[in-house]
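Me: Please take a close look at one part of this predicted model for me, a single loop residue and what lies around it. Start from the residue itself and work outwards, with the cut-offs as you go.

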Amino acid sequence: MLNPKDASKMPWSSRIALGVALSIAGSFGLAVALLVPRQSADAVKAEPPRRSISSSGVGSGEAVPPPITDELVKFCAGHVTGQRSFVVFSRGTCVVVNEPCQDPLAEARKVLQACADPNTPFIPEKTAEGDLIVSFKEPVFQRFTEMELLKLGPWLDKLAPALLSPSESMSAGKDWTPPDQAKAGLLARRRMLEDASTAVAVKIIRAKTKETASR
């Protein structure tokens, strides 16, 4: 993964910054990401890949709460403008689409595919309201409410390391645990990858109608 010392030099295409209003910048530096400790080549070879899990559940039948897409739709509807629309996908991923746009759903799917990398970096950023926004290198983000984070806490404490990509898992080693916000970021990334795979939109939100049913 990325080393924060070098990451600040890395330009990203957009960022979701939250306070009273949502502002989207044209570019930004990566301030915080998931830092996976480096190991020697021999240690990496010796460490077996960790088991892969789905964010909808695990092999033991231990299910994780689903994303609250209704809350995300309301959140996006409050920040839509004549210059930007939002497309919300079934696993909680929101894509910002610049307007005017002929087909926001097609554009959102294209943007989402640009993030579809198991090792893609992310920024988990806490808001003043206690929410956590996890943004990616494209205008793509996931949002966790404070209540969601509380419910997810025990699950993430136990299973977040299994959300690392195979290469991250080998580099991290068996005793390494992600920081708290990075745990949620790992789940957000897994859900984003699932959305990129299925591309099922639940809502297209545009300025003219505020909320437009997905196609």
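Reply: Happy to. I68 counts as partly exposed because its relative accessibility is 37%; on this scale buried means under 20% relative accessible area, exposed over 50%, and partly exposed in between, with a 1.4 Å probe and protein chains only. This is a predicted model, so local features need pLDDT of at least 70 and side-chain atom pairs count only at pLDDT 80 or more, while totals for chains, interfaces and linings use all residues. Residues are numbered from 1 along each chain as its sequence is written, and side-chain values use heavy atoms, with hydrogens and water left out.

I68 sits in the loop between α2 (41-46) and α3. Helices (H or I, at least four residues) and strands (E, at least two) are DSSP runs numbered from the N terminus. In space, the C-alpha of I68 is 8.4 Å from that of E148, although 80 residues separate the two in sequence.

I68 and E148 also share a cavity: both are in the lining of the largest one, along with P67, T69, L72, G92, Q142, R143 and R191. On a 1 Å grid over the protein atoms alone, a cavity is a set of points where a 1.4 Å probe fits but cannot get out, a pocket is an open set with protein on both sides within 12 Å along at least five of seven lines, and lining residues have an atom within 4 Å of a point. The cavity holds about 60 Å³, a volume being the space filled by probe spheres set on grid points joined across faces, edges and corners. A search of the whole structure finds one cavity of 30 Å³ or more.

Its lining has three nonpolar, three polar and three charged residues. Here Ala, Val, Leu, Ile, Met, Phe, Trp, Tyr, Cys and Pro count as nonpolar, Asp, Glu, Lys and Arg as charged, and the others, Gly among them, as polar. α3 (69-77) and β9 (140-144) each supply at least two of the lining residues.

Those two elements meet again further along. F75, in helix α3, counts as buried because its relative accessibility is 13%. The C-alpha atoms of F75 and R143 are 9.3 Å apart, with their positions 68 residues apart in sequence.

From the cavity, R191 leads on to F144. R191 is one of the residues touched by F144, and others include L132, L149, A184, L187 and A188, leaving out residues up to four places away in sequence; contact means heavy atoms within 4.5 Å. F144 is also among the members with the most partners in the largest nonpolar core, which has 32 residues. Such a core is a set of buried Ala, Val, Leu, Ile, Met, Phe, Trp, Tyr and Cys residues joined through side-chain atoms within 4.5 Å. α7 gives this core its largest share, six residues. L72, from the cavity lining, is in a second, separate core of 13 residues that also includes V73, V88 and F141.

As for α7, 14 of its 19 residues are buried, so the rest of the structure largely encloses it. α7 (180-198) and α5 (146-159) each supply at least two residues of the lining of the largest pocket, whose volume is about 190 Å³. L132, L149 and A184 are among the residues lining that pocket, and F144 touches each of these three.
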